[in-house]
Amino acid sequence: MRRLNQGRALWLSTLAFAISFAVWTIFAIIGIRIKAELGLNETLFGLLVGLPIAVGSLIRVPVAIWSEKYGSRVVYSLVMLGGALGAWLLTFAGSYPTILLAGVAVGIAGGSFGVGVTYLSKWYSPEQQISTLNIFGLGNVGAAVTMILGPFVLAAYGWHGVARIWALALAVMAVAFWVMARDEPPIAARERTGEPPPTLAAMLAPLRRVQVWRFSLYYFFVFGAFVALALWLPRYLIGAYGVNLQTAGVLGSAFAIPASVFQIYGGRLSETYGARRVMYWTFGVSTAVCLILSYPPTEYIVRSARGPISFHFEIGLTAFTALLVVLGFFMSLGKAAIYKHIPVYYPENVSAVGGVVGMVGGLGGFVLPIAFGILVDLTGIWTTVFMLLFAISALALIWMHISIRAMERGVLAPELRKLPELPEMQEVHEPRHIGVLGPHLLTDWRPENEEFWEDKGRAIAKRNLWLSIPALLLSFAVWMIWSVIVARLPAVGFPLSTNQLFWLAALPGLSGAVLRIFYAFMVPVFGGRLWTTLTTWSLMIPAIGIGLAVQNPETPYWVLLLLSLLCGLGGGNFASSMANISFFFPRSEKGHALALNAGLGNLGVSVVQFVVPLVITVGIFGWLGGGPQFVQTESGVMPIWLQNAGYIWVPFIALAAFACWFGMNDIETAQSSFAEQSIIFQRKHNWIMCWLYTGTFGSFIGFSAGFPLLAQSQFPDVDALRIAFLGPLIGALVRSGTGWLADRYGGARVTLWVFILMGIGVLGVLYALSIGSFTLFLLSFLFLFFMSGVGNASTFQMIPVIMRLEMDRLMPGATADERQRQAEKESAAIIGFTSAIAAFGAFFIPSAYGVSLALTGGAQAALWGFLIYYISCIALTWGQYVRPGGLLFEIERRQQRQAA
């Protein structure tokens, strides 16, 4: 009887999922007719087909949890009835908003996946769940049913008829499931015994694990891209190849069918060859296929000695369909490989974990169609759809490979370190040679040991510091390029408003700050040497991109915005660089080392604002760099090479990256996972220091980004670009040279006075604007830069001191060495994370200027906001650290007495 009920549960669930999936993707067919009737562009069409997918994805987790609490039979039936009601309501919608509203209800049908996974996991053992879930995945074929049958029903009865028939089919299935299905065994047992359902916290506990979210990203491609293509392919085929709707539906099913039915085969392959190997096949082949499909129809002309020779490249409809079949096949294998892991590692939490993985994957079916529409609207190139999918699959492949290699290195590292640097040395390699030629990984690192430090530690630490500084300087230079470029864009013909220019100056701050949040935790995971090298190479992308984009005033504004965001790669590097250097130095020298790394790295802001105005006046790169643009000046028409603002950094980036790879080190004891570092989010002082450091570094970087354009808007008769570098120069040099103040008098005391004096500096700027004095305006800002530099050093000095005191309280039973190591790890993570939060100042300050100018006609409103912020920092520093009884009161008094 149990086996009979198991079979009934499997096939009823699979059939219900297939019909639900057919309704869920109904807009893939009827959406084309609605698009024509309402005159929608590609972006609005993408939203139309994607909205139900988003709704269905987002509700997968809650419906899975409700299934655990109330039983899948009732929840599954209600989900299907909700989707059927939405499809029926479509027939009464006559405008785009009302159709979108009905589409939200249609999306309820997508929640069937979360319910079905939960239902089946209760009927089968963990060993049986793998093959069961793969059979259940056959329900994806519902998309193919819609593609094949939908066009013919639409031709006969119109799109309203399709909606009614699909709604009736799903309603009938809901009733059939309610009548024929049985409650899963745990629900039936609970009803008999009165046992309460599992708590929400217990069901969601596994979601704290990183691998759950990594699997979710993989599923974003193999399932989310599958759904997105199932929705988009009919429109793509009609637009790119000019076929009719019926042909488009049939050809689209050539992708949807193999992407669904081979999931069972994918499960078998995963069991035979291993899920990891199947994942490599999936992402490897998918990346190659998407690369081929992304190539647009192109005409080549070769100038030969006998005249021009032309070539034409284009993927024909037959080849396109064949490649789609291959892509669908491997996506199907990938879905099976991913879901093989869930019942094995989370047998008691299949509903929550499967729901989250399915939710993120399903969201791909919402995000990607909209992205497809935006790309086609912006470029007019249909194959940009596959360019985006190529980027996603390549990213998933690289991340998976890096994760696997990191795991393997962790297991094999001791043996790998015994191998010679060159394979030819194996015959003469002896134990005394181990690590002599390539000591990139420091297995013995004791900077607090005076003998070790003086013998060899200091030299290694200084080498890493002096290699880190130029890489960080270049990062800041690339990060702040737009603060100089924006003032020149209108002169060379870019038709941009003042508000648009402020956004270009502000967005690097936003993206850099967001990236810092992730970069702050990367050094212990990947190692400082590898991560510094990779992030330095990444600066090539915005540097070369800017050099190409600024040569043509017809470059779309969205391209400039994208390059502005990519400059945030430079801003993100600060968090990882500071975290990396903090591991190398003892606490007695840590403040000075961090001040040097940060202060001289910050010089990149001043360097870019000094160098760019010079290099754009000369054709440094000749024909390789492109021709000049011409601008009108008081002396007449002058040529400038604005592209040099990006190109000038390219050779230096390459030199710095090579130097970091061959000269820097990793520290074995500094290695830890993100989960281990995430303890800082529970530390109160982490968040307090985020607020204070935003007041110092956030001010420095925000003023650096916004000063040139602000000065130009408030004093148009003054060429502020010639002196814009002075403020960042002063702030950077002061930071690197005033670390001793915090060591002597206490970081909290110095920080308190910094905020008091910065408030006075803001009042000076406000008074200068009121009387129209550029001299006072400049001097006030230079004073603000000076004080921000002092505050940058003092706030960073506070963090290690605070964490050493906190470890004594939090780890009373640990040894002194254990407390010291934990304090160093948390200090490094907090240093990186606070720098990430503070970097938002590079976005908020320029954008605050722009908003203030747009709303009030002046910058005064923004400056008053900054003053209020500094007052809050004064109160917080005094209340938490400086007042008698504050955390640092006693230690800083003792520190001052010793210095005296």
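The following questions and answers concern the nonpolar cores, aromatic rings and cysteines of a predicted model.

This model is predicted: local features need pLDDT of at least 70 and side-chain atom pairs count only at pLDDT 80 or more, whereas totals for chains, interfaces and linings use all residues. Residues are numbered from 1 along each chain as its sequence is written, and side-chain values use heavy atoms, with hydrogens and water left out.

Visitor: Which helix contributes the largest share of the largest nonpolar core?
Guide: A nonpolar core is a set of buried Ala, Val, Leu, Ile, Met, Phe, Trp, Tyr and Cys residues joined through side-chain atoms within 4.5 Å; buried means under 20% relative accessible area, exposed over 50% and partly exposed in between, with a 1.4 Å probe and protein chains only. The largest such core has 145 residues, and those with the most contacts inside it include Trp482, Leu489 and Phe777. Helices (H or I, at least four residues) and strands (E, at least two) are DSSP runs, numbered from the N terminus. The largest share of this core, 16 residues, comes from residues 774-810, which form helix α37.

Visitor: Which residues does Ser788 contact, leaving aside its neighbours within four places in sequence?
Guide: Ser788 belongs to helix α37 and is buried, at 0% relative accessibility. Contact means heavy atoms within 4.5 Å. With those neighbours left aside, the contacts of Ser788 are Thr696, Phe700 and Met758.

Visitor: What is the geometry of the aromatic pair formed by Phe17 and Phe21?
Guide: Rings of Phe, Tyr and Trp (its six-membered ring) pair if their centres lie within 6.5 Å; planes under 30 degrees apart count as stacked, over 60 as edge-to-face and the rest as tilted. Because Phe17 and Phe21 are four residues apart in helix α1 (residues 2-24), about one helical turn separates them. Phe17 is buried at 1% relative accessible area, and Phe21 is buried at 0%. With 5.6 Å centre to centre and 90° between the planes, the pair is edge-to-face.

Visitor: Which charged residue sits over the ring of Trp661?
Guide: A charge sits over a ring if NZ of Lys or CZ of Arg is within 6 Å of the ring centre and within 35 degrees of the ring normal. At 3.6 Å from the centre of the Trp661 ring lies the charged end of Arg529.

Visitor: How many disulfides does a search of the whole structure find?
Guide: A disulfide is a pair of cysteine sulfur atoms within 2.5 Å. Cys567 is buried, with a relative accessible area of 0%, and Cys873 is buried at 0% relative accessibility. The number of disulfides found in the whole structure is zero.
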